[in-house]
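User: I'd love to go through this model with you. Could we take it one question at a time?

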Amino acid sequence: MVEQLLTAAIAAGVGIVVYMGAAARVVKQYERGVVFRFGRLRDEIRPPGFAAIVPGIDRMRKVNMQIVTLPVPAQEGITRDNVTVRVDAVVYFKVVDPANAIVAVEDYRFAVSQMAQTSLRSIIGKSDLDDLLSNREMLNQGLELMIDSPAVGWGVQIDRVEIKDVSLPETMKRSMARQAEADRERRARVINADAELQASHKLAEAAGVMSDQPAALQLRLLQTVVAVAAEKNSTLVLPFPVELLRFLERAAPPAATPSETTDSPPSLAAGPPAAGPEDVASVAGAENAAPAPRTDVATPPGVVNGSAPPAPNAGGPVRPRSVADGAPE
């Protein structure tokens, strides 16, 4: 009898242990338990800790309440300005209603992933390339709203959506690089032109001061020479401004003018001047057909073609023949 009671107690204990093992469940801190009894959802959501169910009658599914990081595969699309791009993103979401996450949708992870891909392609088609590259905050907010709208009924809350990378074709990258280079060059030219304008104003003011004080120009020239000589160059370039020449012209005394009371030329009425012996020889040589031979010995005055001069008169010296006289006396 005692042995039978002991055997029954042992059997009951083993049955209780087996029952408790089959009925016991442990829910972790980041999980919640959803219990189905005969396929019907129980209203009570099992909190973290130890939970017991009826074996064979109840079934419990655990739902992770942590924030899930879901990468969205790269989606290729055409932007509103007809540029082909590949965009990938990442979605951060979490379950806020475990019952709806199990009952309302078959697989909430797969559903969120597909919705994110569809929304990303839609965002690409509605946006320009410049918005995808520089205005991502607004696109992230729009993408989050597009995914969060259907996810609310699934018991899922979208925490954040980020566009990770935008891949462009190589031709578009080169075009954008040329555009950026041209824009940089334009800005550099504008800055240089502005600097030249400001410098011209300052130089105009300096020129006005130097025109009032011409000695300031000379001092500036000396300062330039000192600055150039300080470089220890073998060649010294000395600038010579035109204004310095004008200053020297103003400082120089006026040049002397020729006198207006010069001797007047001889009158034509008085006749040409008397010809000398050289003139007589020149005229006689011109009358001959052949020119006189050139000799190294100088011809004495009064000798024409090698002939002796005419004999002098007894009364006085002979006046040489002149072109003006016409005939000898």
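Analyst: Happy to; below we look at confidence, an aromatic pair and two loop residues.

User: Since this is a predicted model, which element has the highest mean pLDDT?

Analyst: Good place to start. The protein as a whole has a mean pLDDT of 77, with 74% of its residues at 70 or more. Among its elements, helix 9 (residues 277-287) has the lowest mean, 42, and the highest, 92, belongs to strand 7.

User: How many contacts beyond four places in sequence does the model have for residues 260-318?

Analyst: This is a stretch to read with care. Over residues 260-318 the pLDDT stays under 50. For contacts beyond four places in sequence, the model's count there is 15.

User: Are the rings of Phe93 and Tyr108 stacked or edge-to-face?

Analyst: They form the one aromatic pair in the structure. Phe93 sits in strand 7 and Tyr108 in helix 3 (residues 108-126), 15 residues apart. Their ring centres are 6.5 Å apart and the planes meet at 85°; planes over 60 degrees apart count as edge-to-face, so this pair is edge-to-face.

User: Is Tyr108 buried or exposed?

Analyst: Its partner Phe93 has a relative accessible area of 0% and is buried. For Tyr108 the value is 11%, and buried means under 20%, so Tyr108 is buried.

User: What is phi of Asn82 near?

Analyst: Most residues other than glycine have a negative phi. Asn82, in the loop between strand 6 (68-78) and strand 7, is exposed at 66% relative accessible area. Its phi is positive, near 65°.

User: And what is phi of Phe38 near?

Analyst: Phe38 lies in the loop between strand 2 (31-37) and strand 3 (40-46). With a relative accessible area of 65%, Phe38 is exposed. Its phi is a positive value, near 50°.

Terms used
Residues numbered from 1 in each chain as written. Predicted model: local features only at pLDDT ≥ 70, side-chain atom pairs only at ≥ 80, totals over all residues. Heavy atoms only, no water. Phe/Tyr/Trp six-rings, centres within 6.5 Å; stacked < 30°, edge-to-face > 60°. Helix = DSSP H or I, 4+ residues; strand = E, 2+ residues; numbered from the N terminus. Buried < 20%, exposed > 50% of the residue type's maximum accessible area, 1.4 Å probe, protein only. pLDDT = per-residue confidence, 0-100. Contact = heavy atoms within 4.5 Å.
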